Amino acid sequence: MADTGQSWGNYPRVSQQVRDLDKAEWPTKESTAHVLPRGNGRSYGDSCQLPDGTLLRTRFLDRFLNFDPASGVMECEAGVLLADINQIAVPQGWFLPATPGTKFASVGGAIGNDVHGKNHHVFGSFGHHVLQMTMCRSDGTTLELSPSDSYFHATVGGLGMTGLITRATIQLRRIASPWMRTESIKFGNLDEFYSLSAASAENYEYTVAWIDCLAPDSQRGRGHFLRSDHCAGEIDLAHPKPNKRSFPFTPPISAVNKLTLAPFNKLYFHRQRARTVERFEHYDKYFYPLDGIANWNRMYGPRGFLQHQCVIPPEHSRDAIDEILRQIKKSGSGSFLAVLKEFGEKPSIGMLSFPRPGTTLALDFPVSSNTFSLLDRLDDVVGEAGGAIYAAKDARMSPSMFRQSNPRLEEFIQYRDPAISSGLWERLMENKT
């Protein structure tokens with residue numbers, strides 16, 4: 001089946017052309033008046049779509065250009081996947097310093113979305129580790145960018161709007177083993193989450209929590225807190241076998257619904273009987289659990305799903321997160337995948353980068369007639385708390401919420417390439433250039 005360029009969330013569904021690039025340069029102008037650079041299409045919303053336009057897919061710009069195993073500096077083309085980097089770097093003692101929850105994001109996409117991981121409080125986001133990148137513009141110019149350039153800061157987190165990233169040089173971080181030493185701690189409410197997060201931040205590199213968004217009011221925010229580090233040496237355990245699991249088809253209705261949500265959340269919370277469980281996990285299973293099930297997005301049915309990821313400033317985060325969870329339960333909706341963590345204090349370098357100090361909560365909802373009104377109410381809570389919404393995960397927030405989430409938006413606009421647009425940009429910028 002031909003790739004039609006739909007996003008991973010399968011919403012919205014749009015008509016567009018897909019053009020695979022085979023050269024690391026801007027294609028001919030005649031056929032690219034209304035275009036969007038696109039990597040592997042793992043963004044959930046419409047930031048990687050362009051209705052009635054052309055996607056310039058960089059997936060096949062996938063060459064490694066240089067890797068120094070002594071310093072951990074890697075140069076590659078923009079279509080290289082994070083999985084490809086791990087495959088080469090991990091056996092030589094190096095790893096991505098910041099990685100999202102999928103290894104199937106491209107390097108160009110990781111830069112354009114300034115992705116973050118479970119260790120933001122230690123290593124910041126992906127953009128902090130980009131040493132240099134090459135970008136082509138629609139006027140025929142090629143820019144060699146470093147962190148000292150303003151275009152660099154516009155491009156990191158810039159949602160692909162500034163040009164076509166063709167290659168990048170990345171600084172990896174040293175590890176001694178592909179194995180992780182993890183602790184899973186069962187906690188009873190939001191206050192316990194914040195206590196665990198504060199106690200873990202100084203001594204653990206990776207911290208994150210799954211929460212039960214349908215818990216009883218007295219236990220609102222309960223869940224499992226996961227903290228971990230790379231092992232200091234090799235562990236004598238069998239490496240996991242390659243994934244062969246797949247969600248086989250798209251069901252006629254979402255498998256995530258009122259009948260399945262409450263039992264799943266309850267069973268998942270109680271799956272761990274002891275308060276604390278320690279174990280070793282291979283990095284692939286630890287960082288990318290959803291990648292272990294091919295086509296997992298099909299479980300949301302033909303209408304797809306929406307993700308709502310927000311960040312709330314520290315001074316308002318406890319009460320705002322509590323209210324978000326209260327609104328979700330009141331709506332009768334919910335999420336299987338509710339992820340809660342705290343960002344660190346390291347400032348993002350991208351003008352439109354999402355990570356900033358505070359608590360971030362990510363939730364997936366099947367598209368339904370009630371989902372949009374619920375997410376509007378959640379946006380109201382986020383807005384009143386002075387928070388922000390992650391544009392790379394969005395398909396429905398308002399222009400005013402987008403502006404609040406990106407206080408440097410007007411500064412950013414001057415760096416946008418006039419030939420580039422996206423569904424998200426057209427929806428949120430109200431026809432601004």
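**Overall fold, backbone features and internal spaces of the predicted model**

In the protein chain, residues 24 or more positions apart account for 75% of the contacts with a separation of 6 or more. The model described here is a predicted one. Its secondary structure comes to 12 helices and 18 strands. Along the principal axes, the C-alpha trace of the protein chain spans about 60 × 50 × 45 Å. The radius of gyration of the protein chain is 21 Å, which agrees with the value near 22 Å that a compact globule of 433 residues would have. Burial can be read alongside these dimensions: buried residues make up 58% of the 433 residues in the protein chain. The surface that the chain exposes comes to about 18,100 Å², and carbon and sulfur atoms supply 52% of this area.

The backbone offers several points worth a visit. Most residues other than glycine have a negative phi, and most peptide bonds are trans. Against that background, the segment before strand S1 (17–20) deserves a look, as Pro12 is found there and Asn10 lies in that segment too. The peptide bond from Tyr11 to Pro12 is cis, with omega near -10 degrees. Asn10 is a residue other than glycine, yet its phi is positive, near 60 degrees. Asn10 counts as buried because its relative accessibility is 18%, where the cut-off for burial is under 20%.

A positive phi also appears at Asp52, with a value of about 60 degrees, although Asp52 is not a glycine. This residue is found in the loop between strand S2 (35–38) and strand S3 (54–57). Asp52 has a relative accessibility of 69% and therefore counts as exposed, given that exposed means over 50%. Asn10 is thus a buried example of a positive phi, whereas Asp52 is an exposed one.

Strand S3, which borders the loop holding Asp52, also contains Arg57. With a relative accessible area of 14%, Arg57 is buried. Leaving aside residues up to four places away in sequence, Arg57 touches Asp3, Val18, Arg19, Asp20, Leu21, Arg38 and Gly39. Two of the charged names on that list, Asp3 and Asp20, are thus in contact with Arg57.

Attention now turns to the spaces within the model. The second largest pocket has a volume of about 370 Å³. It is lined by 22 residues, of which Val256, Asn257, Pro366, Val367 and Ser368 are the closest to its centre. Helix H6 (258–270) and helix H9 (371–384) each supply at least two residues of this lining. By residue class, the lining of the second largest pocket divides into 9 nonpolar, 11 polar and 2 charged residues.

The structure also holds 1 cavity of 30 Å³ or more. Among the 15 residues that line the largest cavity, Leu352, Phe354, Tyr390, Ala391 and Asn406 are the closest to its centre. The volume of the largest cavity is about 90 Å³. Its lining is made up of 7 nonpolar, 6 polar and 2 charged residues.

Note on methods: Residues numbered from 1 in each chain as written. Predicted model: local features only at pLDDT ≥ 70, side-chain atom pairs only at ≥ 80, totals over all residues. Heavy atoms only, no water. Helix = DSSP H or I, 4+ residues; strand = E, 2+ residues; numbered from the N terminus. Buried < 20%, exposed > 50% of the residue type's maximum accessible area, 1.4 Å probe, protein only. 1 Å grid on protein atoms, 1.4 Å probe; cavity = no way out; pocket = protein on both sides within 12 Å on 5 of 7 lines; lining within 4 Å. Points joined across faces, edges and corners; volume = space filled by probe spheres on them. Nonpolar A, V, L, I, M, F, W, Y, C, P; charged D, E, K, R; others polar. Rg over C-alpha atoms; globule rule 2.2 N^0.38 Å. Contact = heavy atoms within 4.5 Å. Areas by Shrake-Rupley, 256 points an atom, 1.4 Å probe, with all protein chains shown as cover.
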